[in-house]
Amino acid sequence: MSEFDIIFEDNHILVAVKPFNVPTQADESGDKDMFTMVKEYLKEKYNKPGNAYAGLLHRLDRPTGGVMVFAKTGKAASRLSETIRSGEFEKKYFAVVMGQPKEKQGRLVHYLLKDETANNVAVVPVSTEGAKRAELDYKVLKSADGLSLMNIDLLTGRSHQARVQMASLFTPILGDVRYGGQKAAAENLALFSYSLRFEHPVTHDIMVFKAYPPVTGSPWKEFEPIIDVTIKSAY
C-alpha cells in the first residue's frame with residue numbers, strides 16, 4: 001500500500017523509514033516527498049474523504065535515509081513537539097566517513113549558519129548573526145580501507161548538521177560532494193538515521209525504533225557485523 005517501510009503504527013503515531021534521496025516535505029524539485037506519501041497512505045488506509053491529518057515533527061535531509069516518526073493527531077503532534085524541544089527525543093545515526101578523525105570519540109560543538117539561497121551550511125564564529133549552536137557526540141566504530149563507520153548522537157537538530165560537523169574534522173561523509181566527500185559507489189549519501197527513542201505522547205511508554213541501513217550495498221556491507229551489533233545494543 002505504501003512507498004516506504006512502516007515500523008510501527010497505532011492511533012497516535014506512525015514510525016517509518018524514509019528512503020534515500022526522497023525529500024522530507026515538498027520542495028522546488030516537485031519530487032514526491034515523504035510527508036505527502038504518509039498523508040496519502042493514511043487517506044487510503046482509513047478511507048478518508050478529505051486530506052488525512054499527519055504531523056511533521058522532525059526532518060531528515062533529502063539524501064539521508066532512516067527512521068522518522070509522524071503524529072496522527074494534533075494532540076500527539078503537540079506533545080511530541082514539546083519532547084523534541086526539551087531535548088528528550090534521541091536520534092542515532094550511522095555515517096561512513098572518509099579517513100579517520102584524530103580522536104576516536106568526542107563531542108563536537110559548533111555554530112552553524114545556513115545560506116538559504118545556496119542551501120549550504122557553514123561553521124561560523126559564535127558571534128555571527130543568525131548562527132545556531134550545534135552539538136553531537138560521535139564514536140568511531142571501525143575503520144577499514146580508508147573509511148570509518150561512525151556512530152553519531154545528534155544533540156541538536158540543525159540543517160545539514162552531521163554532514164557539516166563531520167567535514168569539520170576533515171572526515172566528510174562518503175557521497176557528500178557538497179561538503180567535500182567523494183561520490184559513493186551506491187550514489188547515496190552514507191548517512192542513515194538508525195534509531196529513535198522518545199516517550200509515547202499518550203501512553204507515556206518509552207519507545208525505541210530501529211532500522212538497518214542497506215547492508216547488502218556499498219559502503220554499508222563492509223561494516224555489516226559491527227552495524228548489527230550496534231543496532232542490537234542501542235539503548
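In helix α3, the buried residues are Gln 161, Ala 162, Arg 163, Val 164, Gln 165, Met 166 and Ala 167. That makes 7 of the 8 residues in this helix, which spans 161-168. The model is predicted. What do the buried residues of α3 pack against? Their partners are strands: β5 (90-98), β6 (105-115), β7 (120-124), β8 (132-144), β9 (147-154) and β10 (191-199). Just past the helix, Phe 170 adopts a positive phi of about 65°.

Two residues of α3 lead into the nonpolar cores. Met 166 belongs to the largest core, a set of 64 residues. It is listed there among those with the most contacts inside the core, along with Met 34, Val 69, Ile 152, Phe 198 and Trp 220. Val 164 belongs elsewhere: it sits in a second, separate core of 6 residues. Leu 112, Val 121 and Ala 134 are also included in that second core.

Turn next to Phe 198 in the largest core. Leaving out residues up to four places away in sequence, Phe 198 touches Ile 13, Val 69, Leu 80, Thr 83, Glu 88 and Phe 89. It also touches Asp 205, Ile 206, Met 207 and Phe 209.

Now to strand β6, where Arg 107 is placed. Which side chain does Arg 107 meet in a polar contact of 2.7 Å? The partner is the side chain of Asp 137. Beyond its neighbours within four places in sequence, Arg 107 is in contact with Glu 135, Leu 136, Asp 137, Tyr 138 and Leu 155. Ala 77 is another matter: it is 30 residues from Arg 107 in sequence and 30 Å away in space, C-alpha to C-alpha.

The pockets come last. The largest has a volume of about 1,200 Å³. Its lining holds 39 residues, and Arg 59, Leu 60, Asp 61, Ser 159 and His 160 lie nearest the centre. Helix α3 returns here: α3, β5 and β9 each supply at least two lining residues. β5 gives the most, with 4. By class, the lining has 13 nonpolar, 12 polar and 14 charged residues.

The second largest pocket holds about 210 Å³ of space. β6, the strand of Arg 107, gives the most to this lining, with 3 residues. Leu 112 and Val 121 are among the lining residues, and both are also in the second core. Ser 159 lines this pocket too, and is one of the residues nearest the centre of the largest pocket. The second lining divides into 3 nonpolar, 3 polar and 4 charged residues.

Terms used
Residues are numbered from 1 along each chain as its sequence is written. This is a predicted model: local features need pLDDT of at least 70, side-chain atom pairs count only at pLDDT 80 or more; totals for chains, interfaces and linings use all residues. Side-chain values use heavy atoms; hydrogens and water are left out. Buried means under 20% relative accessible area, exposed over 50%, partly exposed in between (1.4 Å probe, protein chains only). Contact means heavy atoms within 4.5 Å. A polar contact is a pair of N or O atoms within 3.5 Å; within protein, one must be able to donate a hydrogen and the other to accept it, and residues adjacent in sequence count only if both atoms are side-chain atoms. A nonpolar core is a set of buried Ala, Val, Leu, Ile, Met, Phe, Trp, Tyr and Cys residues joined through side-chain atoms within 4.5 Å. On a 1 Å grid over the protein atoms alone, a cavity is a set of points where a 1.4 Å probe fits but cannot get out, and a pocket is an open set with protein on both sides within 12 Å along at least five of seven lines; lining residues have an atom within 4 Å of a point. Grid points are joined across faces, edges and corners, and a volume is the space filled by probe spheres set on the points. Ala, Val, Leu, Ile, Met, Phe, Trp, Tyr, Cys and Pro count as nonpolar, Asp, Glu, Lys and Arg as charged, and the others, Gly among them, as polar.
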